Every structure is written in structure tokens, then in C-alpha cells.
Amino acid sequence: MDTMVLEPVDQTECLSRKATELGIRYFMVSFVDLLGQQRAKLVPVAAIDGMHRDGAGFAGFAAYFDMQPSDPDMLAMPDPDSLIQLPWKPEVGWLASDLVMGGQPVAQAPRNTLKRVLAQAGSLGYTMKTGVECEFFLVTPQGNAIGDIADVAPKPCYDASALMRRYDIITEICDAMLTLGWQPYQNDHEDANGQFEMNWRYADALTTADRHVFFKFMVRSIAEKHGLRATFMPKPFAHLTGSGCHAHISLWSGDDNVCAAPADALGLSPLGYGFLGGLMSNAGALCALLNPTVNSYKRINAPVTLSGATWSPNAVTYSGDNRTHMIRVPGGGRFELRLADGSVNPYLLQAAILAAGLDGLESGHHPGEPLHINMYTDGHMAKDATRLPLNLLDALRAFESSTALRDRLGAEFVGGYLRLKYLEWNDFSRHLTEWERARTLDC
Ligand SMILES: [Mg+2]
């Protein structure tokens with residue numbers, strides 16, 4: 001699909017020299033498409049300097065982009081700062097790339113979209129720092145059952161034995177993060193049977209997004225090595241808690257966390273409340289990006305699960321250190337957005353949060369008073385609270401009508417994303433289910 005002529009280049013910081021130092025034989029020149037799938041070409045060291053200079057060619061239509069087969073080559077320009085030697089296969093170096101077409105950045109590309117919103121924040125003097133909490137299930141290779149037949153406890157969160165039965169996989173991933181300098185600090189069995197979470201330290205939004213992409217790839221690869229399959233699917237089992245991707249967010253000006261105000265009841269500054277207000281006023285539209293799959297809506301708005309709580313929101317509310325709300329403010333000048341799920345595109349997660357937050361700062365959306373109720377038992381008392389979309393179509397329509405997000409994320413990105421997602425919804429809608437047959441056969 002590409003006819004690029006590659007010639008070695010002499011650069012001080014050239015990737016081939018790095019490869020010799022590190023013992024790398026191949027590079028994965030990778031990018032993430034609009035639907036969050038990672039795509040890559042495996043490039044031998046002998047060709048990497050040419051790829052670094054000219055880019056690796058891809059047919060955009062062959063991945064999930066709003067493109068045509070007749071479009072010219074899309075070039076993936078590897079970012080040398082993103083280089084990660086695969087801990088489970090050190091002869092391979094992974095590189096995140098920025099997509100270019102016709103000499104211009106591809107406007108709909110997720111990493112470019114994040115960089116665009118980061119530049120808007122940068123022009124106001126802000127950087128965003130985030131940490132993500134990626135929950136995932138370890139299932140059988142077929143994907144239809146939990147990988148550990150003994151993992152059946154009705155309240156399995158923090159189950160010590162179930163955690164230790166997965167010691168080899170969890171520690172291989174955690175050791176990898178230690179080696180990579182991500183500063184991982186805890187690993188646990190989560191609230192659903194077969195579900196785990198591993199945490200590493202927060203960083204600037206682009207670094208976190210690149211790591212988030214790599215983390216998913218790494219967890220899948222290492223699980224596969226151990227004969228299992230890792231899934232970040234939001235709700236793989238209807239009766240169990242789903243997989244969220246909670247984000248801990250703070251906004252900085254240089255070394256100052258501008259969300260922090262120790263004297264405030266929740267520890268947030270007016271600017272922090274403004275950012276939070278933007279997340280709340282845009283929540284319905286944000287779901288199109290943060291809860292991007294048909295399956296996502298079986299996690300939010302879910303009925304009570306086997307463990308007794310879904311741990312996912314159903315309404316647009318915030319609170320202090322209370323996990324039953326969409327946003328939790330645990331103190332220390334940060335807040336936790338509990339909306340996104342495991343299917344979120346790592347770049348679009350960061351881009352969407354920042355776009356909504358900047359809108360909050362600009363338009364002065366105030367989130368109102370926090371709610372201190374248990375939303376799982378007393379949610380009906382929050383009568384004025386906006387409810388989250390009940391399905392992907394509602395979220396896509398909310399996103400389509402959001403000028404605030406379109407202005408910040410870019411019309412070309414929003415248009416391309418919506419076209420692909422409406423196609424996905426239409427495809428789903430045409431799918432005949434067993435539920436329909438059971439309810440309608442004898443109508
Ligand atoms: Mg968790």
C-alpha cells in the first residue's frame with residue numbers, strides 16, 4: 001500500500017543508533033484510529049531512520065477513519081520521545097506516531113486532536129495532569145467466561161486468593177511498569193469476578209494517553225502469553241460490575257496546581273469548580289467519546305450487580321469523597337471523573353475532558369452545590385439531576401449538537417467521528433437479538 005523509498009539518515013538522535021544501544025531489532029510504528037484501535041507496522045532497524053524522516057505509509061480507509069480508498073497515503077510520523085522497548089519482547093521498540101496527509105496533520109486523528117486541545121490550554125497558560133484507572137477482566141481465550149473457575153465470590157473486591165492466583169500475570173505487568181519508570185503503586189482484584197485494576201502515577205495528559213494505549217496493548221499481550229485473554233470491554237457480564245476508566249484530573253500553571261484551594265470545603269479553587277462545571281454541563285455529549293460503544297450503556301445506568309453496587313454513575317452529580325457520583329472530589333486539588341469506561345480511546349478521553357473543562361472555565365459554568373447522598377440508594381431524591389444518556393444514539397445526538405465541544409475538538413474530527421459512530425449504531429440496530437425473538441415471536 002505504500003511505495004515510499006527509504007534511505008538511511010544521519011541524525012544525532014537517530015532511532016537506529018538508539019536501537020543499537022538498546023538491542024532493538026524491530027520498531028512498531030503505531031497509531032490509534034478513531035475507534036481506539038491500535039494499528040502498527042513492524043519496521044526493521046535498517047529502515048527506521050527513513051521512516052522517522054518520511055513517515056510510514058498507511059491507507060487511512062483500511063483503519064477506522066472517515067476516509068476513502070482513493071485518498072492518498074496517510075503517513076505515521078513516529079515520536080521518538082514515546083519510545084518503549086517491549087518489556088516482554090525487548091528486541092521490539094514501540095513508537096506512538098502523529099498522522100500526516102498531504103503535508104498537513106490529519107485533523108481527525110486522535111493524537112493530533114489531543115495535541116490541538118492541549119495547545120488551547122497552553123495558550124491560556126495551563127497544562128492538564130491526569131491519572132487513569134484501567135479496569136479489565138481476565139477471561140478465557142473465547143472471551144465468554146472468567147479465566148479463573150474458582151473466582152466466584154459474590155463480593156470479590158480485593159480478594160487476596162483470587163489476586164494471588166494471577167500473581168504471574170499481574171507482577172509481570174507491574175514489573176514492566178517499574179522498569180519503564182511509570183511508578184506503579186498498587187494492583188488489586190476489583191469488584192467483579194475476574195476483574196483487576198493496576199495503578200501507576202499520574203503525568204501530563206499526553207504522556208498518560210500514550211501510556212494508556214501501551215498499557216492496554218501490554219495487558220492483552222502478557223495475558224495472551226499466559227493463555228488468557230484480557231478485555232477492557234465495559235460490561236462483559238451483565239450481572240457483574242463493569243470496567244470503568246476513572247480519570248483523576250488537575251490543571252496546572254507551571255508547578256502550581258490551580259485547582260487546589262486548601263481552605264475550601266472540598267479543597268477546590270474557583271477555577272477547579274469552573275473546570276468541573278464544564279464537565280457536568282457537557283456530560284451528555286461527553287458520553288459519545290467517554291462511553292463510545294453500544295456496550296458502554298450497559299455499565300452506566302446499570303441495575304445493581306452481584307456485589308451490591310455498580311460503581312458507575314447514572315446521573316450528572318458531584319460530591320466529596322463519595323464514589324456513587326459521576327464526579328468525586330477526594331481532596332488535594334484534584335477530582336475523579338468516574339464516567340469513562342474501558343472502551344474509551346485514550347487520546348479522546350484526555351481531549352474530551354480538557355475541551356469540556358476549558359469550556360467550563362470560559363463560560364463560567366458553576367456546578368452548584370455538591371450532593372452528599374448515596375446515589376445508589378437515594379438517587380431518586382436528586383430530582384433535578386440530569387440523567388446520563390441511556391444509549392449510544394442519545395449520546396451521539398448530544399455530541400452532534402454540542403457547539404462547545406465541536407469548537408474545541410475541531411469540526412473535522414467531530415464530523416468524522418460521528419459518521420463512523422452512526423454507521424456503528426445503524427449496524428447494531430439491524431442486528432436481530434434473541435431477546436427480540438423471545439419477546440416478539442408470539443406477538
Ligand atoms: Mg476501580
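## Finding your way in

Helices and strands here are DSSP runs, numbered from the N terminus, with a helix needing at least four residues and a strand at least two. With that in hand, we can place Q120: it sits in helix α3, residues 110-123. Please keep in mind as you look around that this is a predicted model.

The predictor's confidence averages a pLDDT of 94 over the protein chain, and 97% of the residues score at least 70. Residues 1-10 are another matter, since pLDDT stays under 50 there. For that stretch the model has 16 contacts beyond four places in sequence. Where pLDDT is low, the predicted coordinates should not be read in detail.

## Two domains

The domain assignment divides the protein chain into domain 1 (15-106) and domain 2 (116-431). Taken over C-alpha atoms, the centres of domain 1 and domain 2 are separated by 27 Å. Where the domains meet, 14 residues of domain 1 are in contact with 18 residues of domain 2.

## Two partly exposed residues

Let us return to Q120. With 16 other C-beta atoms within 10 Å, Q120 is partly exposed, because that count falls between the limit of 12 or fewer for exposed and 20 or more for buried. Leaving aside neighbours within four places in sequence, Q120 is in contact with L358 and R408. Q120 also shows how the chain folds back on itself in space: A355 is 235 residues away in sequence, but the two C-alpha atoms are 8.8 Å apart.

Y422, in helix α13 (residues 411-429), makes a good companion to visit. Y422 is partly exposed too, with 15 other C-beta atoms within 10 Å. From Y422 to V258 there are 164 residues in sequence and 38 Å in space, C-alpha to C-alpha.

## The nonpolar core and helix α9

In soluble globular proteins, nonpolar side chains tend to be buried together. In this model the largest nonpolar core has 113 residues, and A352 and L354 are the ones with the most contacts inside it. Helix α9 (residues 346-363) gives this core its largest share, 11 residues. The core also draws at least three residues from each of domain 1 (15-106) and domain 2 (116-431). Not counting residues up to four places away in sequence, A352 touches L286, L289 and L290.

Helix α9 is mostly covered, with 16 of its 18 residues buried. The length of α9 agrees with expectation: at 1.5 Å a residue its 18 residues should span 26 Å, and its end C-alpha atoms are 26 Å apart. Just after α9 comes G364, which takes a positive phi of about 70 degrees.

## Helix α7, an enclosed helix

Helix α7 (residues 270-281) also has the span expected of it: its 12 residues should cover 16 Å at 1.5 Å a residue, and its end C-alpha atoms are 16 Å apart. Because 10 of its 12 residues are buried, α7 is largely enclosed by the rest of the structure. Among the buried residues are G272, Y273, F275 and L276.

What do the buried residues of α7 pack against? Their partners are the strands β13, β15 (318-319), β16 (327-328) and β17, together with the helices α8 (283-290) and α9.

## Strands around β13 and β8

Strand β13 (residues 245-253) is a good place to start among the strands. Strand β8 (residues 127-139) pairs with β13 in the antiparallel sense over eight bridges, and E133 stands opposite H246 of β13. Strand β17 (residues 335-337) is another antiparallel partner of β13, over three bridges, where H248 faces E336 of β17. Two bridges join β13 to strand β14 (residues 256-257), again in the antiparallel sense, and S253 stands opposite D256 in β14. β13 and β14 form a hairpin with two residues between them, and G254 in the turn has a positive phi of about 60 degrees.

Strand β8 leads on to strand β10 (residues 195-200), an antiparallel partner joined to β8 by four bridges. Here F136 stands opposite F196 in β10. β10 in turn pairs with strand β9 (residues 184-189), antiparallel over five bridges, with N187 opposite M198 in β10. The hairpin of β9 and β10 has five residues between the strands, and in its turn G194 has a positive phi of about 80 degrees.

How values were computed
Residues numbered from 1 in each chain as written. Contact = placed C-beta atoms within 7 Å. Core = buried A, V, L, I, M, F, W, Y, C linked by C-beta atoms within 7 Å. Domains from an automatic or database assignment. Pairing = 2+ DSSP bridges. pLDDT = per-residue confidence, 0-100. Expected span 1.5 Å × (residues − 1).
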